[in-house]
Amino acid sequence: MRIRYLLALTVLALAAGAAIAPAQIAIVNGASYDPDRQLAPGSFATIFGENLSSQTLSAQFSQSGQLPTELGGVTVTVDGQPAMLYFVSPRQVNFIVPQVSPGRAAVVVRNGSASQQGSMRIGPAGPGIFSVNGMGVGEGAILHGWLWQRGPFSITTSGLDTQVSIFVTGLDLSVKPEVLVGGVPVEVKYYGKAPGYEGLQQINVVIPANFAGVGRVPVVVISNGQVSNVTFLVILPTTDLLDKIPGWARGRIIRENVRRGRESSALALNTANNTALVADEEEDLVRVISLDSKSITGTISLPSDSQALDIAVNAANNLAGVALSAAGSAAIVNLQQNKVVAVVATGNFPSHVEFWGDFLLVSNSAGSTITMIDTRNNQVAATIAVGQMPSGIAVVGNTAVVANTHAGTLSVIDLVARQVTSTIDLGVGIRPREIALTGDGKKAVVDSPTLVGFLIVDLAGKQVNKVETSVWDAVGVSRIAINGNTAYLTNQLSASVTVADIAAGKVLKVFPVDPGPRALALNLPRNQLVVLCQGSQTLDIVDLGSYAVVARVATGESVEAPVMPPFQWGPMPVLDSIAPQTGAKGSTFTLTITGKNLAPVKRVVFDQLSRSWNQPQKEDTNIKVSNLQVKADGSQVTATVQILKDAEEGARLIRLVLEKGDYYGPARSTL
C-alpha cells in the first residue's frame with residue numbers, strides 16, 4: 001500500500017505540476033519534464049498543449065498493469081502505434097510511449113474529430129526520476145527498500161545496510177544503470193520494471209556506510225549514457241557519529257529512518273551585527289544566531305509547510321529573502337523587526353535567492369524562470385525566462401548568472417535590461433547546481449552532481465575548465481563562496497571544505513568540518529568562514545588563517561518525532577529468493593522463500609495489486625496458502641499454494657505476516 005501512496009504523489013501529481021504553456025503541443029519526459037532529451041519506448045511521457053481533451057480524467061491500471069488506449073474520447077499515436085493513456089485534461093495528456101523505432105517520431109493527439117500533431121526523439125534510454133511534488137525537482141520518489149516509507153534514511157536499518165528504491169521511467173533495461181548520490185556512484189542491487197505498473201521502473205541501491213550525516217544530497221541516474229533530472233534525498237547521521245564531535249552532541253540519540261523534526265537548510269550572514277540567519281526546512285522558521293555569544297537570539301516564523309531552501313541578506317543588512325519551495329513563493333524579512341513583512345508568489349519550486357540592490361532574485365526550479373521582486377513595494381517587477389531547472393544565482397554589478405541544472409547551461413542576465421544576453425553550454429552530462437562569481441564578474445565556479453570536482457568557467461570566452469578531485473578528497477559540493485581569487489566549496493559527502501585557486505585551476509587545501517556541510521558564508525571582518533553542517537546541526541566557525549574549527553554553535557536541538565522505531569523486536573526480514581515466480585490457474589505447488597530473519601513469519605498472503613492508486617491492497621481469496629513451515633534458523637519458509645480457477649491473471653504482492661506486524665518484501669508472483 002505504501003508504494004501506491006508514493007505513486008499517487010508523483011505520477012498523478014503531474015497534472016498539477018505542469019509549468020509549460022506552449023502555443024502548440026510539446027512532448028516531454030513524464031517524470032522530469034525535460035523537453036530536450038530523448039524518450040525511451042515504454043516510458044511515461046507528457047504532452048502539453050491546448051484543447052487536448054474536453055474533460056479531465058485519470059485511468060486505472062488493470063490487474064496486469066496495463067492502461068487503456070482511449071480515455072474520455074482522446075487517443076494518442078506515436079508513428080501510427082496507439083499509446084496507453086494515464087491522464088487527460090484540456091492542457092495535458094500523460095501517456096506511455098509505445099515500442100517504436102529510434103529516431104524522430106510523429107505524435108498525433110485526437111480529441112473526437114479534432115487532432116493535433118507534434119514530434120519527439122526516440123532513443124533506447126531517456127531516464128527520468130519521479131519526484132514527490134510531481135514537478136521533477138525536489139525530493140525524489142524514493143522509498144526505504146523494506147519499510148516502504150519516504151526518507152530521511154539511515155545508513156543501516158536493524159543492523160543491515162539500508163537499501164532504497166528509486167522510482168524512474170525511461171531506463172534501457174539491457175544495460176545496468178548508474179546511480180550517483182552526491183556525485184559518487186552507489187551500488188545498484190536491482191533494476192527493472194516495478195511490478196504491476198506499465199511504464200514505471202525501479203532501481204534499488206545501497207546507502208554506503210560513509211554517507212552517514214551527509215544531509216540533503218542530489219540523486220542522478222545515468223542509463224546508456226543518458227543523464228536524468230536531479231532529485232534529492234536526506235541521509236541521517238548516527239548517534240556514534242555525533243558522539244565523536246569534540247565537545248558537541250554527546251548523548252543525543254538519532255533514531256533510524258525517523259525525521260529529526262528540525263533540519264537546518266541554508267545560511268546567510270548579517271555582518272552589521274555579526275549574526276547568522278539559519279533557515280530550517282522542517283520547522284518553517286529562521287533562527288538568528290549571534291556569532292559573538294554563540295547562542296540563538298531570536299526566531300522568525302515562516303508560513304507553515306513552506307520548506308525554506310535558501311536565504312540571502314541584502315547589502316544594507318536590513319532585509320532577508322527566503323525561498324519557500326513548497327509554497328511557490330519568497331518571504332521578505334525585516335531584520336530590524338525580525339519578522340516576515342511580505343510573502344510574494346513566484347513560480348513553481350523556488351530554490352535559490354540572491355539580492356541585486358533593492359531587488360530579490362528568485363530561481364523557480366520547476367518553472368524555468370527567474371522572478372525579480374522589488375522589495376520597496378514587495379511586487380514582482382519582472383519574470384525572466386532562463387533554462388530548465390534554474391538553481392544557483394550569482395550577482396556581480398548589473399549582471400546575474402544562473403545555473404540551469406537540467407538544461408546543463410548558464411544564463412547570463414543583464415539585470416537592467418531584464419533579459420538573458422548569453423547562454424553557456426557546459427557540456428554533455430553536466431548538471432550545474434551551485435555557482436559563485438569572482439569579484440570582477442569574469443569567471444564562475446560551478447558544481448555538478450555528475451562530477452567529482454567542479455568547473456571554472458570563463459564567462460566572456462565561454463571556456464569551461466574541469467577541476468578533478470579524488471573521490472574522498474573533495475566530493476558532494478553543496479555551496480560555493482569566493483574571496484578574490486580563492487574559492488571555498490563545501491563537500492557534503494566528505495565532511496570537508498575545499499580551498500581552490502581559481503586562476504591556477506587547482507585545489508590548494510581540503511580541511512575537515514562536521515558532517516553534512518550544506519552551506520557556507522565568508523565573514524571577512526573576522527577572517528572567518530562560517531559553515532552550516534546539516535548532519536550535526538551546527539555552525540562551524542573556521543579561522544581562515546589556520547583552517548581550524550575554532551567554535552561550534554548549535555542551530556537548534558533536534559526534536560524527536562513521536563514514532564517508535566520499526567522492527568524493534570528483532571532483525572528485519574531479508575528476502576533472497578522466491579520460487580516459483582509464476583503459477584497457473586487451478587494448480588497446487590510448494591512455495592519456497594529463502595532469506596534471513598524469517599523466524600517470526602506466521603502467515604504468507606498474496607495481495608492483489610489495486611486497480612486504483614488510492615485504494616488499499618487486499619488479500620486475494622482465490623489463492624489459498626496452507627501447511628506453512630519455517631526453519632528454526634530463519635533461513636527458509638515453505639508453504640502449499642493453491643490457485644483457484646477464478647483467480648485473475650496478473651502480478652501479486654507477497655506479504656509476510658509476522659508476530660508483530662506485516663512485512664512487504666521485494667518479492668512478487670505472477671499468474
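A residue counts as buried under 20% relative accessible area, as exposed over 50%, and as partly exposed in between, with a 1.4 Å probe and protein chains only. By that yardstick, 59% of the 671 residues of the protein chain are buried. Please keep in mind that this is a predicted model, in which local features need pLDDT of at least 70 and side-chain atom pairs count only at pLDDT 80 or more, while totals for chains, interfaces and linings use all residues. Residues are numbered from 1 along each chain as its sequence is written, and side-chain values use heavy atoms, with hydrogens and water left out.

**The chain as a whole**

- The protein chain holds three helices and 56 strands; both are DSSP runs numbered from the N terminus, helices being H or I with at least four residues and strands E with at least two.
- About 24,600 Å² of the protein chain is exposed, and carbon and sulfur atoms supply 47% of that area; accessible areas come from the Shrake-Rupley method with a 1.4 Å probe, and for residues only the protein chains shown count as cover.
- Taking contacts between residues at least 6 apart in sequence, 53% join residues at least 24 apart; a contact means heavy atoms within 4.5 Å.

**Confidence**

- Mean pLDDT for the protein chain is 87, with 89% of its residues at 70 or more; pLDDT is the predictor's confidence in each residue, from 0 to 100.
- Over residues 558-570 pLDDT stays under 50, and the model has 28 contacts beyond four places in sequence for this stretch.
- Residues 611-616 also have pLDDT under 50 throughout, with 18 contacts beyond four places in sequence.

**A four-stranded open sheet**

- Strands β30, β31, β32 and β33 form an open sheet in the order β30-β31-β32-β33, with antiparallel pairing; two strands pair if DSSP finds at least two bridges between them.
- At the edges lie β30 (350-356) and β33 (379-385), each of which pairs on one side only.
- Neighbouring strands of this sheet are turned by 25° against each other on average, direction ignored; the axes are lines fitted to C-alpha atoms (for helices over the stretch in contact), and angles run from 0 to 180 degrees between N-to-C directions.
- Six bridges join β30 to β31 (residues 359-364) in the antiparallel sense, and Glu 354 has Leu 361 in β31 as its bridge partner.
- As general background, strands of a sheet pair through backbone hydrogen bonds, either parallel or antiparallel.

**Hairpins on either side of β48**

- Strand β48 (residues 538-543) is mostly covered, with five of its six residues buried.
- Antiparallel to β48 runs β47 (residues 528-533), joined to β48 by six bridges; here Val 530 stands opposite Ile 541 in β48.
- β47 and β48 form a hairpin with four residues between them, and Gln 537 in the turn has a positive phi of about 55°.
- β48 also pairs with β49 (residues 548-554), again antiparallel and over six bridges, and Thr 538 stands opposite Ala 554 in β49.
- The hairpin of β48 and β49 likewise has four residues between its strands, and Tyr 547 in the turn has a positive phi of about 55°.

**Salt bridges**

- The structure holds 18 salt bridges, a salt bridge being a side-chain nitrogen of Lys or Arg within 4 Å of a carboxyl oxygen of Asp or Glu.
- Arg 262 and Glu 283 form one of them, at 2.7 Å from N to O. This pair links distant parts of the chain, 21 residues apart: Arg 262 is in the loop between α3 (239-243) and β22 (264-270), and Glu 283 in the loop between β23 (275-280) and β24 (285-290).
- Arg 262 counts as partly exposed because its relative accessibility is 21%, and Glu 283 is partly exposed at 29%.
- Asp 280 and Arg 287 form another, with the closest N and O atoms 2.9 Å apart. Asp 280 is buried, with a relative accessible area of 0%, and Arg 287 is buried at 3%.
- Arg 603 meets Glu 619, their closest N and O atoms being 3.4 Å apart. This pair also links distant parts of the chain, 16 residues apart, with Arg 603 in strand β52 (residues 603-608) and Glu 619 in the loop between β52 and β53 (623-630).
- Arg 603 is partly exposed at 40% relative accessible area, and Glu 619 is partly exposed at 36%.
- Through shared partners, salt bridges join Arg 262, Asp 280, Glu 283 and Arg 287 into one network.
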